Amino acid sequence: MAYTSRKNITTAITQDLISAGDNVFPTSINIANVSASSNVNVDLFINNCDNNYYIIKNHQVDVGNRIIIDMTKIEFKSTNTTDDSLRIKLDAATPVDVLIK
């Protein structure tokens with residue numbers, strides 16, 4: 001799938017926000033809970049080969065709230081297809097919007 005800086009996540013399946021080889025270097029990630037009634041726990045992590053490196057793990061985002069992650073101090077490289085991927089996983093099918101800058 002082609003990279004896009006705006007994503008609507010609606011399932012509890014792990015998804016790439018930035019895939020290895022996308023050549024994208026984010027400075028911030030905004031994750032907003034857009035559900036009308038349910039909180040959601042979020043994992044945001046870097047995957048390299050079979051290794052996961054968590055930026056946040058089981059972070060609760062309440063209904064109508066958001067979390068902003070400053071990525072400027074996190075080493076992330078997505079130039080080649082063997083580099084890092086940035087992934088998100090929700091604990092339930094509670095919808096979130098993700099904006100990547």
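Not counting residues up to four places away in sequence, N8 touches V96 and D97. The model in which these contacts appear is a predicted one. N8 itself belongs to strand β1, which covers residues 6–9. One of its two partners is also bound through side chains: a polar contact of 2.6 Å joins those of N8 and D97. Is N8 buried or exposed? Its relative accessibility is 59%, and because exposed residues are those over 50%, N8 counts as exposed. V40 may serve as a point of reference elsewhere in the chain. It stands 32 residues from N8 along the chain, and the C-alpha atoms of the two are separated by 14 Å.

V40 leads to another residue, T94, whose contacts include V40. T94 sits in the loop between β7 (85–90) and β8 (96–100). Leaving aside neighbours within four places in sequence, T94 is in contact with I9, N33, S35, S38, N39 and V40. Although placed in a loop, T94 has a relative accessibility of 7%. The limit for a buried residue is under 20%, and T94 therefore counts as buried.

The strands can now be considered together. An open sheet is formed by 4 strands in the order β2-β7-β4-β5, and their pairing is antiparallel. Which strands lie at the edges of this sheet? They are β2 and β5, each of which pairs on one side only. On average, neighbouring strands of the sheet are turned by 25° against each other, direction ignored.

The pairing may be followed from one edge to the other. β2 and β7 run antiparallel and are paired over 3 bridges; within this pairing, D16 has R87 of β7 as its bridge partner. At the other end of the order, β4 and β5 are joined in the antiparallel sense over 8 bridges. There, I46 stands opposite Y53 in β5. The hairpin of β4 and β5 has 2 residues between the strands, and C49 in this hairpin takes a positive phi near 60°.

The side chains add a further feature. How many aromatic pairs does a search of the whole structure find? The search finds 1. This pair consists of F45 and Y54 and is tilted, with 5.0 Å from centre to centre and 40° between the planes. The two residues differ in their surroundings: F45 is buried, with a relative accessible area of 4%, whereas Y54, at 39% relative accessibility, counts as partly exposed.

A general principle helps in reading such strands. In a regular strand, the side chains alternate between the two faces of the sheet.

The last topic is the nonpolar interior. The largest nonpolar core comprises 22 residues, and those touching the most other members are I29, I31, L44, L86, I88 and V98. At least two residues of this core are supplied by each of β2 (15–18), β3 (28–33), β4 (40–48), β5 (51–61), β6 (66–70), β7 and β8. The largest share, 4 residues, comes from β4. V98 illustrates how such a residue is surrounded. Leaving aside neighbours within four places in sequence, V98 is in contact with S5, R6, K7, I9, L17, I29, N30, I31 and I88. Among these contacts is I9, which is also in contact with T94.

Definitions and conventions
Residues numbered from 1 in each chain as written. Predicted model: local features only at pLDDT ≥ 70, side-chain atom pairs only at ≥ 80, totals over all residues. Heavy atoms only, no water. Buried < 20%, exposed > 50% of the residue type's maximum accessible area, 1.4 Å probe, protein only. Contact = heavy atoms within 4.5 Å. Core = buried A, V, L, I, M, F, W, Y, C linked by side-chain atoms within 4.5 Å. Polar contact = N/O pair within 3.5 Å; in protein donor to acceptor, adjacent residues only side chain to side chain. Pairing = 2+ DSSP bridges. Axes fitted to C-alpha atoms, helices over the stretch in contact; angles between N-to-C directions. Phe/Tyr/Trp six-rings, centres within 6.5 Å; stacked < 30°, edge-to-face > 60°.
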